[in-house]
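Me: I should like to understand the terms used to describe this structure. Please set each value against its definition.

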Amino acid sequence: MSEVREPQSDERLQMPSDPYSVPLDKIDVAQPHLFANGDHWKYFERLRSEAPVHYCEDGFEGPYWSVTKYDDICHVDSSHNLFSSEPAIVLADPEEDFELEMFIAMDQPKHDVQRKTASPVVAPQNLKVLESTIRERVCTILDSLPVGESFNWVDRVSIELTTQMLATLFDFPFEDRRKLTRWSDVATTDPEQDQSIVASEEERRAELIECLEYFGKLWHERAGNGGGSDLISMLANGESTKDMVNKPLEYLGNLVLLIVGGNDTTRNSITGGVLALNQNPAEYDKLRANPALIPNMVSEIIRWQTPLAYMRRTANEDTIVGGQTIKAGDKVAMWYISGNRDEDVIERANEFLIDRPKARQHLSFGFGIHRCMGNRLAEMQLRILWEEIVNRFDFVEVVNEPTRIFSSFVHGYAEMQVVLHPKKA
Amino acid sequence: MAKITFIEHNGTKHEVDVDNGTSVMNAAIDNLVPGIDADCGGQCSCATCHVYIDSDWVAKAGSPDDQEESMLDLNPERQPNSRLSCQIPVTDELDGLVVTLPEFQF
Ligand code: HEM
Ligand code: FES
């Protein structure tokens with residue numbers, strides 16, 4: 001070819017704030033700035049009503065389908081024979097020479113084998129054992145917060161608590177725990193975006209390899225030691241996983257899966273809950289009047305926040321969803337964040353109601369064989385946190401507009417300033 | 001119409017009368033039997049409606065299909081008599097059915 005092709009990104013239309021100013025077939029809802037500005041809601045509203053299964057020809061990562069209605073998402077997510085989780089559960093395909101192998105991005109039978117080895121660590125029996133440790137740590141964090149002056153809730157509470165949780169699960173050296181936060185952020189950042197926290201793919205890899213080496217050391221210390229109930233000991237001594245350390249990309253993949261899975265998601269639910277209650281003072285009043293609503297509120301927070309906006313699948317064969325023919329090989333984004341606002345299934349879906357009936361019926365944890373493995377842990381952390389917040393503070397007041405994360409996958413906040421108002425004695 | 005007995009993990013018994021066609025999961029939810037979450041509302045996609053079928057009833061309750069088997073198989077508390085209760089429609093045949101609930105749903 002004689003013609004030099006301009007890089008695609010220069011031709012791509014940057015989505016404006018108003019979804020109705022773009023022709024329907026030109027909509028590219030996966031552009032991260034939409035989420036950072038909070039414009040994505042209006043886009044999904046339009047897609048749900050005009051094109052619930054929508055094709056975007058010119059996405060940043062190539063063409064993809066968007067599935068935006070609750071029932072269609074449930075169908076795609078549960079049909080693991082029709083829709084593969086390989087090679088990736090985000091729209092970007094993995095780097096060919098540095099492909100992290102994690103069971104969230106594996107199909108049967110390998111997925112099942114690996115998940116079964118890891119799942120006991122977050123099973124309810126084990127969580128019962130962890131509950132008192134978690135409560136202690138929650139109390140220590142809350143008691144150390146400044147009262148009456150503003151501080152960043154994301155850093156002091158959301159990140160700190162989820163990081164301590166992960167350190168507990170991995171039995172990770174406590175003083176090094178912020179490394180977990182860093183690795184989680186590095187693993188999910190896209191070096192090609194200007195807002196990325198690493199300068200290049202090389203830098204990203206170097207940090208992940210540091211993560212691998214650190215965990216390699218822990219593995220060897222614990223292999224053969226029998227009964228530790230932390231995740232590393234379980235993998236190192238599990239029949240089907242005990243060779244994993246020799247497959248670095250698989251070991252790293254599973255670590256990253258647990259770190260990311262347990263980190264951003266819970267972190268952003270912790271921040272999101274405070275924000276939702278501030279935006280809905282009547283709901284905050286209900287909570288003050290009746291703390292027994294906390295378990296139900298936790299589910300509602302997780303629905304309202306939808307910490308992972310979508311999961312991607314790849315069609316194994318031609319198949320019809322919502323009247324549209326999806327071809328074998330096509331990428332499909334299941335937009336949980338949109339399905340959770342689908343008025344046809346969830347009454348008053350755009351409202352935050354802490355006493356909502358059937359609050360557990362939301363899409364935030366996904367469905368089918370990949371349904372979130374850590375869902376009970378996440379719920380427990382949030383429940384304990386809110387029990388202890390209500391014990392101490394009359395009001396966690398949000399005092400600025402929070403900064404949202406620049407991502408269409410992780411739906412959350414980088415910063416949110418709050419002021420604490422203690423309960424009157 | 002069938003009578004179904006749910007036994008909670010702590011031994012508490014609940015006897016309920018159920019119309020044919022209703023799922024065992026819905027029978028529990030409609031009668032406020034605790035211990036079943038049914039997060040997916042009966043789509044065989046969440047496995048939070050897990051029950052153990054009393055040994056006398058295993059054959060009559062039938063066996064899981066592929067989708068149900070995939071979901072059950074990932075549950076660390078899975079037993080040979082495990083079923084997802086949303087996948088069992090009530091019939092006259094099941095009059096007298098006894099199911100036990102697990103300590104936790106996953
Ligand atoms: C509110 C918090 C959380 C949310 C919203 C969330 C959301 C999700 C979603 C959407 C999936 C994929 C489901 C699918 O494809 O159908 C998933 C999978 C997963 N999550 Fe979570 N998650 C949360 C907390 C956690 C925690 C605390 C952990 C672990 C410690 C965790 C570990 C995992 C793992 C290992 C998978 C992969 C499961 C598989 O592929 O079989 N998650 N999560
Ligand atoms: S209710 Fe979800 S699997 Fe039965």
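**Terms and values**

Reply: Helix α11 of chain A gives the most to the shell around ligand 1, with seven residues. This is a predicted model, in which local features need pLDDT of at least 70, side-chain atom pairs count only at pLDDT 80 or more, and totals for chains, interfaces and linings use all residues. Residues are numbered from 1 along each chain as its sequence is written, chains are lettered from A and ligands numbered from 1 in the order in which they are written, and side-chain values use heavy atoms, with hydrogens and water left out.

Me: What makes a residue part of the shell around ligand 1, and which residues are the closest?

Reply: A residue is near a molecule if one of its heavy atoms lies within 4 Å of it. In this model 30 residues surround ligand 1, and the closest are A:His111, A:Arg115, A:Arg313, A:His370 and A:Cys372. Elements of chain A that each supply at least two shell residues are α5 (110–118), α11 (248–279), β5 (310–315) and α15 (375–392); such helices (H or I, at least four residues) and strands (E, at least two) are DSSP runs, numbered from the N terminus.

Me: How is the shell around ligand 1 divided by class?

Reply: The shell has 16 nonpolar, ten polar and four charged residues. Ala, Val, Leu, Ile, Met, Phe, Trp, Tyr, Cys and Pro count as nonpolar, Asp, Glu, Lys and Arg as charged, and the others, Gly among them, as polar.

Me: Why is the pair formed by A:Asp77 and ligand 1 called a polar contact?

Reply: A polar contact is a pair of N or O atoms within 3.5 Å; within protein, one must be able to donate a hydrogen and the other to accept it, and residues adjacent in sequence count only if both atoms are side-chain atoms. An oxygen atom of ligand 1 is 2.9 Å from an N or O atom in the side chain of A:Asp77, so the pair qualifies. A polar backbone atom of A:Gly261 lies 3.2 Å from a nitrogen atom of ligand 1, and a polar side-chain atom of A:Tyr336 is 3.3 Å from an oxygen atom of the ligand.

Me: What makes A:Cys372 a donor to the iron atom of ligand 1?

Reply: Donors are N, O and S atoms within 2.8 Å of the metal (3.2 Å for Na, K and Ca); water is not among the atoms, so sites may look incomplete. The SG atom of A:Cys372 is 2.3 Å from the iron and therefore counts, as the single donor from the protein. A:Cys372 is placed in the loop between α14 (336–339) and α15 of chain A.

Me: How do you know that A:Thr306 is buried, and is A:Lys358 buried or exposed?

Reply: Buried means under 20% relative accessible area, exposed over 50%, and partly exposed in between (1.4 Å probe, protein chains only). A:Thr306 has a relative accessible area of 0% and is therefore buried, while A:Lys358, at 64%, counts as exposed. Each is a residue other than glycine with a positive phi, near 45 degrees for A:Thr306 and near 50 degrees for A:Lys358.

Me: What is the bend in helix α7 of chain A, and where does it occur?

Reply: The bend at a residue is the angle between axes fitted to the seven residues ending there and the seven starting there. For α7(A) this angle is about 30 degrees at A:Ile159. Of the 18 residues in α7(A), 16 are buried.
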